[in-house]
Amino acid sequence: MSKIRNFAEITPNLPFSEFNFYELYRETFEKSELGRMKKILPLHEMAESFGLVSKSMAPKRGRKSYFTPEGKVALMFLKMRTQMSFPKLMEELNGNIHYQLFCDILIDPVHPLTNYKLLDDIAAELAGRLKIQELQNLLAEAWKPYMKNLDTMYTDATCYESEMRYPTDQKLLWECVEKGYDLMCKASRQLGIHRPRTKFLDVEKANLTYRKQRKHNKTQTRRITRRLLDLLGKVLREIRKMDREHEAAMLFTDREKQTIDIITKAYRQQCNHFQSGDARESIPNRIVSVSKPYVRPIVRGKETKNVEFGAKCNNILVDGISFIEKLSFNAFNEGARLPHCIKIHRRLFGMDAKKIGGDTSYAGTANRDLCKELKIQTSFVKRGKPFKEMNEKDFVRQELARVRATAMEGSFGTQKEHYSMRRIKARRKETEILYIFFGIHTANAVLLAERLMERQQEEAA
């Protein structure tokens, strides 16, 4: 008998229904928040979009999956809802029947899940197959019956930060030195030769002294930066020399070669930046982390933090439900995305937007002309001398601006505070995008589950 079974494969085998505890759990699950979420989520259609449901009649080869295709998708919604890591979620999944019902799985209490890598593999599988816009079309189609005011749209951009240390030039260079030095030592051991002489220990001691100081003057900063650059250059030259002279030995794996290329690119950027002497110089495609080379600095100009490091996302909000319009780890001007927002809204809901709320970054001349041509009422401040008396359009404009400032910013705050979106803990770019997608739409699903409960209460009354 298998240790883990899908609910769809189980038939009642107890002679007395009053002892069928799983039936009681099913009844309470239907009334719970997770049960309502499962009702409004098109899990089967999403599994088809991920390519988890095979349309071929031929049986699949290999070992049968513990989770159903729908259960794999539900697992990601559950992770973002509980804000748990996969090891912790695995423990809760073993003991929580409602979680098992949500993921369409039954776990034997005598033989629980013990390897959380199973859940990691599911996330990696979904991350490689994510199609954001196709999935959003499915979600919008399923959620339209629970939404109102579909002709009103709000838009704004935010940054979902990655879990990483604040990247100063000195921290980045020392990270490159450590990784490069380890690779050089590994290659030396593999070849059976003496490790090339460097000043690694001296620079390590000087770098530690620099980090312990609370304040640094310009001279100290340039001195340690120069020493780090010299040491990193020496390490990279020795690595290239050994790799060139012993090409047949295959000293480095593909992943290590990729790391060397990233370190080399960061070294060249930092050399040019150091030689220019301009601390505020803009570096195109600047690398700020060796482990996350896809992350770029996003200048936001906020009071609390001027620069953020993570994915910049431009969202649209319709009746409190957020959808992704553009997601990128490179900085972009959200003000130029308004025409695309209008197209996304039309594709999701099958109608044109009549009212749009956006901040001043969207209030350019091109966007104003487009909205005037399409007869769209906006929240943009009127140009020219203000009138003493306000008309109906002015009141609509003020209301759109007020709702945008509260609902749009509120949605960002809810996602970041309650759905693990404040600092995205992922090691790969694809997984980070997956977490952002499911975090946004888990917040949507919880909101719609509340509306479903209110509708059920009204019908019961």
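The legends below describe an overview and several close-up views of a predicted model.

**Figure 1. Overview of the protein chain, with 16 helices and nine strands.**
The C-alpha trace of the protein chain spans about 80 × 80 × 45 Å along its principal axes. The chain has 461 residues, and 46% of them count as buried. Among contacts between residues at least 6 apart in sequence, 71% join residues at least 24 apart. The accessible surface comes to about 25,900 Å², and carbon and sulfur atoms account for 50% of this area. The chain carries 83 positive and 59 negative charges, and the mean positions of these two sets are 7 Å apart.

**Figure 2. Surroundings of Met46 in helix H3.**
Helix H3 covers residues 43-50 and includes Met46. The relative accessible area of Met46 is 0%, so this residue is buried. Leaving aside residues up to four places away in sequence, Met46 touches Val73, Phe77, Leu135, Leu138, Leu139, Phe437 and Phe438. One of these contacts, Leu135, is 89 residues from Met46 along the chain, while the C-alpha atoms of Met46 and Leu135 are separated by 6.3 Å.

**Figure 3. Aromatic cluster of Phe50, Phe77, Phe437 and Phe438.**
Ring pairs link these four phenylalanines into a cluster. Three members of the view, Phe77, Phe437 and Phe438, are also among the residues that Met46 touches. Helix H3, which holds Met46, runs over residues 43-50. In the structure as a whole, the count of aromatic pairs comes to nine.

**Figure 4. Edge-to-face pair of Tyr166 and Phe309.**
A pair of aromatic rings is described by the distance of the centres and the angle of the planes. For Tyr166 and Phe309 the ring centres are 5.5 Å apart and the planes lie at 85°, so the pair is edge-to-face. Tyr166 is in the loop between strand E3 (152-162) and helix H9 (169-191), whereas Phe309 is in strand E5 (residues 307-318). The pair therefore ties together parts of the chain that are 143 residues apart in sequence. Phe309 has a relative accessible area of 8% and is buried.

**Figure 5. Edge-to-face pair of Phe323 and Phe349.**
The rings of Phe323 and Phe349 are 5.7 Å apart, centre to centre, with 80° between the planes. Phe323 belongs to strand E6 (residues 321-328) and Phe349 to helix H13 (residues 338-349), so that the pair links distant parts of the chain, 26 residues apart. Phe323 is buried, its relative accessible area being 0%. Phe349 is buried as well, with a value of 4%.

**Figure 6. Surroundings of the Cys176 sulfur.**
The structure holds zero disulfides. For Cys176, the closest cysteine sulfur is that of Cys271, at 11 Å. A disulfide would need the two sulfur atoms within 2.5 Å, so the separation of Cys176 and Cys271 is too far for a bond. Cys176 counts as buried, at 1% relative accessibility.

**Figure 7. Surroundings of the Cys313 sulfur.**
The closest cysteine sulfur to that of Cys313 is in Cys159, 9.7 Å away. This distance is too far for a bond. Cys313 has a relative accessible area of 0% and is buried. Strand E5, which contains Phe309 of the pair with Tyr166, covers residues 307-318.

Note on methods: Residues are numbered from 1 along each chain as its sequence is written. This is a predicted model: local features need pLDDT of at least 70, side-chain atom pairs count only at pLDDT 80 or more; totals for chains, interfaces and linings use all residues. Side-chain values use heavy atoms; hydrogens and water are left out. Helices (H or I, at least four residues) and strands (E, at least two) are DSSP runs, numbered from the N terminus. Buried means under 20% relative accessible area, exposed over 50%, partly exposed in between (1.4 Å probe, protein chains only). Contact means heavy atoms within 4.5 Å. Accessible areas come from the Shrake-Rupley method with a 1.4 Å probe; for residues, only the protein chains shown count as cover. Lys and Arg count as positive and Asp and Glu as negative; His and the chain ends are not counted. The place of a charge is taken as NZ of Lys, CZ of Arg, CG of Asp or CD of Glu. Rings of Phe, Tyr and Trp (its six-membered ring) pair if their centres lie within 6.5 Å; planes under 30 degrees apart count as stacked, over 60 as edge-to-face and the rest as tilted.
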